[in-house]
Amino acid sequence: MLTIWGRRSSFNLQKVMWLVAELGIEHRHIEAGGQFGGLDTPEFLAMNPHGRVPVIDDGGTVVWESHSILRYLAARYGRDTFWSDDPAERSRYERWMDWSQTALQPDFLNGVFWAFYRTPEPQRDLPAIKKSIDRCTRHFQLLDWLLAGRKFLLGNDLSLADIPIGTHLYRYFNLEIARPSISNVEAWYRRLQDRPAYRSHVMVPFGELRGRLAY
Ligand SMILES: N[C@@H](CCC(=O)N[C@@H](CS)C(=O)NCC(=O)O)C(=O)O
């Protein structure tokens, strides 16, 4: 049985839970981190020495790092839908997963969500936040251009390319920040919201994180 640790408000857990639900994998979910704590126990650190969530244990195989978990689950349980043995085919979604983690996530999750929403107002660095919002604007305009005439990032079907980037959308569209006109991204977001897995695991209210830098 697959066991998954992480609090439901964790952005990185949400990617994993979304894929688990898309694949219909039977699992047990344990709230951990944040108000639930438990990341500094010897048992948890033996699984993930960094003391972070998400972590999975799949019948004795322990994996941490959200994107490594996505790759593991797709390769193990989603060979017909979310994984390919062909390196060229795999690179089509892997490059977007990497881009999401190395470009979009620093600019949005760190530069806007943390710096703006999670930082108490007196401590906010407004010029730096503005620069991050502008970088996000450029990222989303590029995605908007790519999504023209497509249902999902790589075409007609949801893929691993959509999961890390799509997980940003709920927060991006629910913060009081300037956003460009991006009708193709908005249509993609609506398509994701049609999916029960997205609604259950990504559209998780995040009010508990407002002004909270502790975790
Ligand atoms: N690069 C890691 C980042 C893991 C991470 O920073 N997780 C956060 C939650 S999103 C965490 O464990 N925070 C401490 C806590 O929740 O107590 C990944 O993608 O899994």
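This tour moves through a predicted model, starting at one helix and working outwards to its neighbours and two backbone details.

**Helix H6**

Begin by selecting residues 162–172, which form helix H6, and show their side chains together with the rest of the chain. Of the 11 residues of H6, 11 are buried, so the helix is largely enclosed by the rest of the structure. The buried residues run from Asp162, Ile163, Pro164, Ile165 and Gly166 through Thr167, His168 and Leu169 to Tyr170, Arg171 and Tyr172. To see what encloses H6, add helix H1 (11–23), helix H3 (66–77), helix H4 (87–118), helix H5 (126–146), helix H7 (183–193) and helix H8 (196–201), against which the buried residues of H6 pack.

**Where H4 meets H6**

Keep H6 on screen and select H4 next, turning the view until both axes can be followed. The two helices pack at an angle of about 20°, and their axes are 9 Å apart. Because angles under 35 degrees count as roughly parallel, H4 is roughly parallel to H6. The crossing of H4 and H6 is left-handed. On the H4 side, select Trp96, Met97, Trp99, Ser100, Leu104, Gln105, Phe108, Leu109 and Phe113, and on the H6 side Pro164, Ile165, His168, Arg171 and Tyr172, since these residues make the contact. Colouring this selection by residue type should give 10 nonpolar residues, three polar ones and one charged one.

**Two residues of H4**

Now centre on tryptophan 96, which is found in helix H4. Its relative accessibility is 16%, and because the cut-off for buried is under 20%, tryptophan 96 counts as buried. Leaving aside residues up to four places away in sequence, tryptophan 96 touches Leu143, Leu146, Leu154, Ala161 and Ile165. A distance drawn from the C-alpha atom of tryptophan 96 to that of proline 164 should read 8.3 Å, although the two residues lie 68 residues apart along the chain.

Move next to methionine 97, also placed in helix H4, where the relative accessible area is 0% and the residue is buried. With residues up to four places away in sequence again left out, the contacts of methionine 97 are His67, Leu70, Arg71, Leu160 and Pro164. For a second distance, join the C-alpha atoms of methionine 97 and glycine 111, which are 14 residues apart along the chain and separated by 19 Å.

**Helix H3**

Which residues of H3 are buried? Select Ser66, His67, Ile69, Leu70, Arg71, Tyr72, Leu73, Ala74 and Ala75 to display them. They make up nine of the 12 residues of H3, so this helix too is largely enclosed by the rest of the structure. The elements covering the buried residues of H3 include strand S1 (2–5), H1, strand S3 (55–58), strand S4 (61–64), H4 and H6. If you draw a line between the end C-alpha atoms of H3, they are 16 Å apart, which agrees with the 16 Å that its 12 residues should span at 1.5 Å a residue.

**Two backbone details**

Most residues other than glycine have a negative phi, and most peptide bonds are trans. With that in mind, select glutamate 65, which sits in the loop between S4 and H3 and has a positive phi, near 80°. At 41% relative accessibility, glutamate 65 counts as partly exposed. Finish at proline 54, in the loop between helix H2 (42–47) and S3, where the peptide bond from valine 53 to proline 54 is cis, with omega near 10°.

Technical notes. Residues are numbered from 1 along each chain as its sequence is written. This is a predicted model: local features need pLDDT of at least 70, side-chain atom pairs count only at pLDDT 80 or more; totals for chains, interfaces and linings use all residues. Side-chain values use heavy atoms; hydrogens and water are left out. Buried means under 20% relative accessible area, exposed over 50%, partly exposed in between (1.4 Å probe, protein chains only). Helices (H or I, at least four residues) and strands (E, at least two) are DSSP runs, numbered from the N terminus. Contact means heavy atoms within 4.5 Å. Axes are lines fitted to C-alpha atoms, for helices over the stretch in contact, and angles run from 0 to 180 degrees between N-to-C directions. Angles under 35 degrees count as roughly parallel, over 145 as roughly antiparallel, 65 to 115 as roughly perpendicular and the rest as oblique. A crossing is left-handed if the near helix is turned anticlockwise from the far one by less than a right angle, and right-handed if clockwise. Ala, Val, Leu, Ile, Met, Phe, Trp, Tyr, Cys and Pro count as nonpolar, Asp, Glu, Lys and Arg as charged, and the others, Gly among them, as polar. The expected span of a helix is 1.5 Å times one less than its number of residues.
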